[in-house]
Structures are given as structure tokens and as C-alpha cells.
Amino acid sequence: MNDPTRIGRPGTGVSRRSLLGGALGATAAVAVVGGAATSARADDLAGAEHAKRRIPPSGIGMHLYTMRGPLAQDFEGTLEQLAAIGYATVGVSGRHGHDAAQIRGMLDRTGLKAVLEHVGYDAITSGRWEQAIEDVRTLGGKWIVIPSLPSSMHNPAGYREAARRFNEAGLTARSAGLKLLFHNHEPDHRVVEGELLYDILVGETDPALVGFEFDLYWAAKGGGDPASYFREHPRRFPALHVKDMAPNGDFADVGSGVLDFAGMFRYARRGGVKQWLVEHDAPADPFLTARNSYAHLAALRY
């Protein structure tokens, strides 16, 4: 049965809550006032202008978690193949026995640039933060990313504690020329004790010190709305994980699933997006995923 409350590609059966990335729905739902409203109207007009925007080639990257199988066998050879596909940048997630300087050498030889590295939350709490910052600097990155919070912190008090620590750690990162980002997963979009956990981090961290690497799949899966976050919180989302959703909710190569990336990206400029990093958590063929996803992003107009 056709349900007018469902959005996405015909026949997908994906609900509005699980696919809230549809920017047209977000446009109707989000109320913005003052200067933000003017900017949003400008975005709408620009989006209607034949969708001429494209992702700059320098902004299309690969989050290396996708390639962890091939990297474990041949790190530099995997980077060479990514560069040959057309990728310009990578997000580092797992070193596979190499140190930061060795990875930087491989990146330089293959013509790729690391823009960020994922570092566990315990780096902040265990006194390893300054070394983690130095390693990201060695890699040539500009962002140091906390990929998740411990499950014991998945409550409002835990997220407020994380926000406080992020502000402190972000100040140290800024003094070294980096910026701290947080990467979201589905649990971050849950309502606990009447509060949306992700919004605690967005609302209680200093925009000058803390930003976000926004995983579009997990935001949609958890009921979040990327387009509205870009509109309501300008310049807080310099990096994205572009990960598609299959009709059954599983992971999919970018462009083969049901997420409305063009609709989301209409507001990417307002959100401050600089990097579109492809990710697939469980690719059957990582290189095929890399080729398919790159081709879609390179051809996309929004």
C-alpha cells in the first residue's frame, strides 16, 4: 500500500523517520528566523536553479575504515588504487601496524592527503591527547575526531560530561592548529530522559572549539535530519561520512540506496562542509564500493 508519509525512492518503503535526510521535507518542517531565514531562502533558490552545484574533486575522500581488509594486506597499494580511482583525501581509522610518519610517507607517495584521524575518547581521559594531536599533525590532518562515546555515557549526564571535556580538549587542539570533531552513531540520536542526546553535544560545545563529522546514514537511521542540522547550526559540520542505506536498512554503496544526498547537500555550504568522505561499514568488495561511490559523488549535482 502506498503511504504518502513515506519518502525516498519509489518502492523502498522507507519511513520519514528513518530517512529524514529528504531536504524538501526538512524545508517545510524547520522554522528559521532572522538572518538564518534569509540564508535558507537563498539556499532554496540556489537549489532550484537547475541543481548546478557539484562536489569539488578535492572534497571527495574515502574514510579508510571502508578499506580495512585491503589495508591490512597492502596499505600503500590500497592507497595507490584509491588515488587511481580519483579520491583526493582520506580519513584515517586504524593504522594496521604503521606509525603516523610511515602513513604520511605512503600518502605523500600516492598523492593523497589525510584530513583527519579517529582517536578514541579515552585519549582525552587518559592523558594521551597531546600525543594524539601530534600524530594527526604528522599525518597532515586538520581535524582530530572522537568516533563515539562509551555506552556508559549514553545518558544526558554523560553527554554533558563529554561536552565539557570536548571544550577543554578542543582548546588544546586549537592551540596546535587542529579542531576536535565528534562522529555520530545511531545511539547519539536517541531521546533519553526526555532529551535528544546529540543535541546536548551540539548545544553545549563551543563552536569555535568543537565541530562534527556527520555520518549521514546513522543520522537518518536514528531519526535525525542532516539538512535541518546544516541549516540550524551553520559551519559546524566540516566533514561528512557519506554512507547510503539499502531499502532494508542495511549499508549500501553511495548512490545505490534510498538516501536523498542531493537534498541534504543543498544545505552543505551553510553547514560548513569541506569534505565528503565515502564510508561503507561492511562492503562485500571494498574496491567496487570505492569505484561505485566515487562515480556517484563525482557526477552528483545538487
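The following exchange takes up how a few terms apply to this structure.

User: What kind of model is this, and how are residues numbered?

Analyst: This is a predicted model, in which local features need pLDDT of at least 70, side-chain atom pairs count only at pLDDT 80 or more, and totals for chains, interfaces and linings use all residues. Residues are numbered from 1 along each chain as its sequence is written, and side-chain values use heavy atoms, with hydrogens and water left out.

User: What makes Leu-197 and Tyr-198 of helix 9 count as buried?

Analyst: Buried means under 20% relative accessible area, with exposed over 50% and partly exposed in between, using a 1.4 Å probe and protein chains only. Leu-197, Tyr-198, Ile-200, Leu-201 and Val-202 in helix 9 (residues 197-204) are buried, and the buried residues of this helix pack against elements including helix 8 (156-175) and strand 8 (210-215).

User: Why are strand 2 and strand 3 called a pair?

Analyst: Two strands pair if DSSP finds at least two bridges between them, and strand 2 (residues 89-92) and strand 3 (residues 113-118) are joined in the parallel sense over four bridges, so they meet the definition. Thr-89 stands opposite Lys-113 in strand 3.

User: Where do these strands belong?

Analyst: They lie in a closed barrel of eight strands, which runs 1-2-3-4-5-8-9-12 with parallel pairing, and the twist averages 30 degrees from one strand to the next.

User: Which residues of helix 4 meet helix 5?

Analyst: Phe-75, Glu-76, Leu-79, Glu-80 and Ala-83 meet residues of helix 5, where contact means heavy atoms within 4.5 Å.

Note on methods: Helices (H or I, at least four residues) and strands (E, at least two) are DSSP runs, numbered from the N terminus. Axes are lines fitted to C-alpha atoms, for helices over the stretch in contact, and angles run from 0 to 180 degrees between N-to-C directions.
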